[in-house]
Amino acid sequence: MNNQRAIDRLTKHLEWGWSEETVAAIETGIHALKETQWIPVSERLPKKPEIDGDSDGYIVQTRRVAQPFIGYWDGREWTDEEVDVVDEVIAWMPLPQPYREGE
């Protein structure tokens, strides 16, 4: 089962009238699955950063590099850590939240 099928199934389960605690757990699962899902650039690009000239970091996959890496989107183009333009990004996903001890 892929992430999208799992999201669809969990969403359907929300209609069953579970307790608030169970609904919260299902919604957390849906959110986690969405955050770990690749988004093809052919479907959509990230939102443009709110501050002009700023850029947001994402995990990106390109056609020419086998290993995903962090890329930055400024609303017009992708760049890497050295601020070099990154060509042929085919998919992206949000960066995970930083680890916080005790969570």
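Biologist: Is Val83 buried or exposed?
Modeller: In this predicted model, Val83 sits in the loop between β4 and β5. Its relative accessibility is 62%. The cut-off for exposed is over 50%, so Val83 counts as exposed.

Biologist: What is the phi of Val83?
Modeller: Val83 is not a glycine. Its phi is positive all the same, at about 65°.

Biologist: Which other residue in the loop between β4 and β5 has a positive phi without being a glycine, and how accessible is that residue?
Modeller: Glu88 lies in that loop. Its phi is near 60°, a positive value in a residue other than glycine. Relative accessibility puts Glu88 in the partly exposed class. So the residue is Glu88, at 32%.

Biologist: In what order do the strands of the open sheet run?
Modeller: Five strands form the sheet. Their pairing is antiparallel. The order is β1-β5-β2-β3-β4.

Biologist: Which are the edge strands?
Modeller: An edge strand here pairs on one side only. That holds for residues 39-40 at one edge. The edge strands are β1 and β4.

Biologist: How many residues lie between β2 and β3 in their hairpin?
Modeller: β2 and β3, the latter spanning residues 69-73, pair in the antiparallel sense over five bridges. One bridge joins Asp56 to Trp73 in β3. The two strands form a hairpin, and the residues between them number six.

Biologist: Which residue in the turn between β3 and β4 has a positive phi?
Modeller: β3 and β4, residues 78-79, pair antiparallel over two bridges. Tyr72 stands opposite Thr79, and Trp73 has Trp78 as its bridge partner in β4. The hairpin leaves four residues between the strands. The phi of about 100° belongs to Gly75.

Biologist: Which residues make up the largest nonpolar core?
Modeller: This core has eight residues. β2 (56-62) and β5 (89-94) each supply at least two of them. The full list is Ile39, Tyr58, Val60, Trp73, Trp78, Val86, Val89 and Trp92.

Biologist: How many residues are in the other core, which lies apart from the largest?
Modeller: Nonpolar side chains tend to be buried together in soluble globular proteins. This second group includes Ala6, Ile7, Ile30 and Leu33. Its residues number five.

Biologist: Which residues does Trp92 touch beyond four places in sequence?
Modeller: Trp92 is buried, with a relative accessible area of 4%. Its place is in strand β5. Leaving out residues up to four places away in sequence, Trp92 touches Gln37, Trp38, Ile39, Val41, Arg44, Leu45, Pro46, Tyr58, Ile59, Val60 and Trp78.

Biologist: How many aromatic pairs are there, and how many residues apart in sequence are the parts that Tyr58 and Trp92 tie together?
Modeller: The count comes to four aromatic pairs. Tyr58 and Trp92 form one that is edge-to-face, 5.1 Å centre to centre with 80° between the planes. Tyr58 lies in β2 and Trp92 in β5, so the pair ties together parts whose separation in sequence is 34 residues.

Biologist: Is Tyr58 buried or exposed?
Modeller: Its relative accessible area is 11%. Buried means under 20%, so Tyr58 is buried.

Biologist: What angle separates the ring planes of Trp73 and Trp78, and which class does the pair fall in?
Modeller: The ring centres of Trp73 and Trp78 are 5.1 Å apart. Planes under 30 degrees apart count as stacked and those over 60 as edge-to-face. Here the planes stand at 45°, so the pair is tilted.

Biologist: Which residues do ring pairs link into a cluster?
Modeller: Trp73 and Trp78 are both buried. Tyr58 and Trp92 form a pair of their own. Ring pairs link the cluster of Tyr58, Trp73, Trp78 and Trp92.

Biologist: Which backbone oxygen does the side chain of Gln61 reach, and at what distance?
Modeller: Gln61 is in strand β2. With 15% relative accessibility, Gln61 counts as buried. Its contacts beyond four places in sequence include Trp38, Pro68, Glu88 and Ile90. Its side chain reaches the backbone oxygen of Val65 at 2.6 Å.

Conventions
Residues are numbered from 1 along each chain as its sequence is written. This is a predicted model: local features need pLDDT of at least 70, side-chain atom pairs count only at pLDDT 80 or more; totals for chains, interfaces and linings use all residues. Side-chain values use heavy atoms; hydrogens and water are left out. A nonpolar core is a set of buried Ala, Val, Leu, Ile, Met, Phe, Trp, Tyr and Cys residues joined through side-chain atoms within 4.5 Å. Buried means under 20% relative accessible area, exposed over 50%, partly exposed in between (1.4 Å probe, protein chains only). Contact means heavy atoms within 4.5 Å. Rings of Phe, Tyr and Trp (its six-membered ring) pair if their centres lie within 6.5 Å; planes under 30 degrees apart count as stacked, over 60 as edge-to-face and the rest as tilted. A polar contact is a pair of N or O atoms within 3.5 Å; within protein, one must be able to donate a hydrogen and the other to accept it, and residues adjacent in sequence count only if both atoms are side-chain atoms. Two strands pair if DSSP finds at least two bridges between them.
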